[in-house]
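User: I would like to learn how to read burial, packing and charge pairs from a model. Please take one feature at a time.

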Amino acid sequence: MVDSLGNQEQILLWVAGKYDIKHVSRLLADGYTLTTDVLEVLCFLGYSSEQILDCLKSCRYYIDAKLLFDWLCGFIGQEKTEAFLISEFEEDFDLFQYFSLESLEKYQCWNELARRKADDILFKHEQYDKMSPEGLYKYKLFDEYFKKYGHINPEDNAALDYLAQNGHWDIIQANYNLLGNITNQNLLNFLVKHKKFDIIAKQYPIYLVKCSEGIEYLQQQKRYFILAEAKLYDKVDWDDYLQSGKNCPVAHAEEAQQWDALMRNHKHLVLLRHFKLWRFIKSFF
């Protein structure tokens with residue numbers, strides 16, 4: 001068996017036979033790679049389980065974590081193997097991935113449970129900061145979720161209601177534009193329901209023309225361009241719009257045939273172009 005081993009393995013076993021296992025530990029600490037074959041031969045050489053485990057503590061590199069874990073379980077039993085690994089190694093040690101969920105819970109290995117997204121166990125022990133976004137959503141732990149992730153599922157009415165009840169409109173506003181400017185209909189309806197027209201108006205004001213309260217908001221804010229684009233000409237204060245100089249009020253007034261408003265605001269050329277001669281003359285006064 002020894003003849004079939006690699007160079008490092010043969011050196012480790014030669015040192016173990018000629019000197020003692022402490023020298024093997026030093027070599028492992030210096031970077032020699034440990035294999036289960038080496039551990040097997042150490043058993044044949046008569047070293048105790050304590051000495052072999054001490055050797056493992058020094059190890060920096062090993063081959064095949066699953067094989068090593070299984071070997072240890074066969075050598076001293078799974079319960080003792082897990083207790084040994086918990087006591088000697090950091091939780092991100094590769095062998096922890098082979099623990100059962102029950103063992104991870106028993107030894108409070110929250111990081112490994114988080115890696116496996118074992119949200120039910122983490123929730124049970126109030127390890128909210130380790131839970132996945134899906135887990136936090138599932139258990140309605142929105143405070144923890146928004147502290148950690150900040151974005152929302154615009155289809156989740158429970159989350160939206162929570163944000164509204166707690167005044168977190170800044171989070172909703174930050175998530176208003178979704179998926180490359182594709183605005184979510186459920187979120188728009190939610191904002192209208194709560195009369196948050198200012199949030200809608202910043203990015204998607206045309207949606208406001210779909211409801212009477214939204215139209216009133218646009219009138220109050222003098223967003224006449226949006227009303228004119230929606231052809232809600234009767235909702236536009238044309239004198240105010242034409243005097244504002246914003247966007248293209250003359251073109252809109254011309255399209256809406258607001259000849260009197262154009263006359264009052266001295267838009268001579270437009271009136272002449274449409275042969276509104278009486279209004280054209282009056283527009284100079």
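User: Which exposed residues does helix 2 carry on the face turned away from its buried side?

Analyst: This is a predicted model. To read a helix, find its buried side, then look across from that side. In helix 2 the buried residues are I21, V24, S25, L27 and L28. They lie on the same side of helix 2, because they cover an arc of only 160 degrees around the axis. The face turned away from that side carries the exposed residues K22 and R26. After helix 2 comes G31, with a positive phi near 120 degrees.

User: Which residues of helix 4 are buried?

Analyst: Helix 4 spans residues 49-58, and its buried residues are I52, L53, C55 and L56. Their arc around the axis is only 150 degrees, so they sit on the same side of helix 4.

User: What do the buried residues of helix 4 pack against?

Analyst: Their packing partners are helix 2 (21-29), strand 1 (33-34), helix 3 (36-44), helix 5 (65-76) and helix 6 (78-88). Helix 2 thus appears again, here as a partner of the buried residues of helix 4.

User: How many helices and strands does the chain have, and what percentage of its residues is buried?

Analyst: The chain has 22 helices and 2 strands. Of its 285 residues, 41% are buried. The accessible surface is about 16200 Å², and carbon and sulfur atoms hold 50% of that surface. For the range of the contacts, take those with a separation of 6 or more: 30% of them join residues 24 or more positions apart.

User: How should I read the largest nonpolar core, and which of its residues touch the most other members?

Analyst: The general idea comes before the case. In soluble globular proteins, nonpolar side chains tend to be buried together. Here the largest nonpolar core has 84 residues, and those touching the most other members are L34, L42, Y62, L85, L95, F146 and W238. Helix 5 supplies the largest share of this core, 7 residues.

User: Which residues is W238 in contact with, leaving aside its neighbours within four places in sequence?

Analyst: With those neighbours set aside, W238 is in contact with A228, Y233, P249, H252, A253, A256, Q258 and A261.

User: Now a loop residue. Is Y207 buried or exposed?

Analyst: A place in a loop does not settle the matter, so check the accessibility, where buried means under 20%. Y207 lies in the loop between helix 15 (197-203) and helix 16 (212-220). Y207 counts as buried because its relative accessibility is 8%. Outside its neighbours within four places in sequence, Y207 is in contact with Q185, L188, N189, V192 and I200. Q185 is 22 residues from Y207 along the chain, and their C-alpha atoms are separated by 9.9 Å.

User: Is F275, in the loop between helix 21 and helix 22, buried or exposed?

Analyst: F275 has a relative accessible area of 68%, so this residue is exposed. The loop that holds F275 runs between helix 21 (268-273) and helix 22 (277-282). Together with L269, L272 and L277, F275 makes a nonpolar surface patch of about 460 Å².

User: How many salt bridges does the structure hold, and which parts of the chain does the pair K124 and E105 link?

Analyst: The structure holds 13 salt bridges. In the salt bridge of K124 with E105, the closest N and O atoms are 3.0 Å apart. This pair links distant parts of the chain, with K124 in helix 9 (residues 119-124), E105 in helix 7 (residues 101-106), and their positions 19 residues apart. K124 counts as exposed, because its relative accessibility is 59%.

User: Which parts of the chain does the salt bridge of D120 and K138 link?

Analyst: The side chains of D120 and K138 meet at 3.0 Å, N to O. D120 is in helix 9 and K138 in helix 10 (residues 133-138), so the pair links distant parts of the chain, 18 residues apart. D120 is partly exposed at 45% relative accessible area, while K138, at 51%, counts as exposed.

User: Is E112, which forms a salt bridge with R116, buried or exposed?

Analyst: E112 is buried, with a relative accessible area of 6%. Its partner R116 is partly exposed, at 29%. The closest N and O atoms of E112 and R116 are 3.1 Å apart.

User: Which residues are linked in a network of salt bridges?

Analyst: D54, K57 and E88 are linked in such a network.

Technical notes: Residues numbered from 1 in each chain as written. Predicted model: local features only at pLDDT ≥ 70, side-chain atom pairs only at ≥ 80, totals over all residues. Heavy atoms only, no water. Patch = residues over 30% accessible without salt bridge, like charges linked within 9 Å, V, L, I, M, F, W, Y side chains within 5 Å. Areas by Shrake-Rupley, 256 points an atom, 1.4 Å probe, with all protein chains shown as cover. Salt bridge = Lys/Arg side-chain N within 4 Å of Asp/Glu carboxyl O. Helix = DSSP H or I, 4+ residues; strand = E, 2+ residues; numbered from the N terminus. Buried < 20%, exposed > 50% of the residue type's maximum accessible area, 1.4 Å probe, protein only. Contact = heavy atoms within 4.5 Å. Arc of directions from axis to C-beta. Core = buried A, V, L, I, M, F, W, Y, C linked by side-chain atoms within 4.5 Å.
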